[in-house]
Amino acid sequence: MRRRLGPALLLGVLLCPVVAGCGSEDAGTDTTDPGPSDQPTSTATSDPGEEPPEEPTEEPTEEPSDAPADGSTGAPEVVEVLHATAAGGSTTEQFVRVDDEQQLADFVAQFSDDAFAEEVRVSSAAVAAGPGTAYAAVAAIGCDVPPVDVEATAEDVYVVVVGKVPGPDVECFAPVTTVAVMSVGG
């Protein structure tokens, strides 16, 4: 009589995470962490005339700046994510500056849907009218509208970060064009 090792091994692999996940090393202890105390700690000295040791002073460190070379300040922020079905366009990895009429006209010229082009134009113009600099990018063309964010590189280039769609659609009759409009500075 032959026994199969496969089902027993599969059962062992499936039960391993369940058994390992049971119980807790901290059972019965309070799980709330009050966090580090903001109060300085002091050490008692045996001699009342003795001074406590000097605490080291921290030198201020300079953080790298997210400010672009155009002089505006502040971190990049995606202001609006616009989408339209079968609007055309080409995806890009980088945001392009669209804060003047010509730059904006060049950007929206790629869309075959005039209503969508106007929507992108209005959104970009609203950002450009504010204190920040307007940038836009075609983040995705596909069946779903993904979450979109921005990343600034050391060379002041703003890169599109496209997140994974949590529950992608199975069918796609026409691709959806997703455009992200962001503001830098302000």
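**Exercise 1. Work out which residue forms a salt bridge with Arg97, and how exposed the two partners are.**

Start with the rule: a salt bridge needs a side-chain nitrogen of Lys or Arg within 4 Å of a carboxyl oxygen of Asp or Glu. Arg97 meets Asp99 this way, with the closest N and O atoms 3.0 Å apart.

A word on where this comes from: the model is predicted, so local features need pLDDT of at least 70, side-chain atom pairs count only at pLDDT 80 or more, and totals for chains, interfaces and linings use all residues. Residues are numbered from 1 along each chain as its sequence is written, and side-chain values use heavy atoms, with hydrogens and water left out.

Next, check the surface. Buried means under 20% relative accessible area, exposed means over 50%, and partly exposed is in between (1.4 Å probe, protein chains only). Arg97 has 33%, so Arg97 is partly exposed. Asp99, with 28%, is partly exposed.

**Exercise 2. Find the salt bridge in helix α3 and say how far apart its partners are in sequence.**

The count by the salt-bridge rule is 2. Glu118 and Arg121 join their side chains in a salt bridge, at 3.2 Å from N to O. Now look at the spacing: these two are 3 residues apart in helix α3, which means about one helical turn separates them. Glu118 is partly exposed at 40%, and Arg121 is partly exposed at 29%.

**Exercise 3. Lay out the open sheet and place Arg97 in it.**

First, the naming. Helices (H or I, at least four residues) and strands (E, at least two) are DSSP runs, numbered from the N terminus. The protein has 3 helices and 6 strands, and along the sequence they follow the pattern α-β-β-α-α-β-β-β-β.

Then the pairing: two strands pair if DSSP finds at least two bridges between them. The open sheet has 4 strands in the order β1-β6-β3-β2, paired antiparallel. At its edges are β1 (77-85) and β2 (96-97), each of which pairs on one side only.

Zoom in on β2. This strand is joined by 2 bridges to β3 (residues 133-142), and the two run antiparallel. Opposite Arg97 stands Tyr135 in β3.

Last, add a helix. Contact means heavy atoms within 4.5 Å. Helix α2 (residues 101-108) packs on the sheet and touches β2, β3 and β6 (176-184), with its direction at about 0° to that of β3. For that angle, axes are lines fitted to C-alpha atoms, for helices over the stretch in contact, and angles run from 0 to 180 degrees between N-to-C directions.

**Exercise 4. Describe how the rings of Phe107 and Phe111 sit, then do likewise for Tyr135 and Tyr158.**

You need two values here: a pair of aromatic rings is described by the distance of the centres and the angle of the planes. Rings of Phe, Tyr and Trp (its six-membered ring) pair if their centres lie within 6.5 Å; planes under 30 degrees apart count as stacked, over 60 as edge-to-face and the rest as tilted. That gives 3 aromatic pairs.

For Phe107 and Phe111, the centres are 5.8 Å apart and the planes are at 80°, so this pair is edge-to-face. Phe107 is buried at 7%, and Phe111 is buried at 6%. Together with Phe116, they form one aromatic cluster.

For Tyr135 and Tyr158, the centres are 5.2 Å apart and the planes are at 65°, so this pair is edge-to-face. Tyr135 is in β3 and Tyr158 in β5 (residues 158-162), so the pair ties together parts 23 residues apart in sequence. Tyr135 is buried at 9%, and Tyr158 is buried at 2%.

**Exercise 5. Explore the largest nonpolar core and what Val120 touches.**

A nonpolar core is a set of buried Ala, Val, Leu, Ile, Met, Phe, Trp, Tyr and Cys residues joined through side-chain atoms within 4.5 Å. The largest one has 17 residues, and Phe107, Val108, Phe111, Phe116, Val120 and Val179 have the most contacts inside it. At least two residues come from each of β1, α2, α3 (114-129), β3 and β6. Helix α3 gives the largest share, 4 residues.

Leaving out residues up to four places away in sequence, Val120 touches Leu82, Phe107, Val108, Phe111 and Val179. Another core of 12 residues lies apart from the largest one, and Tyr158 is among its members.
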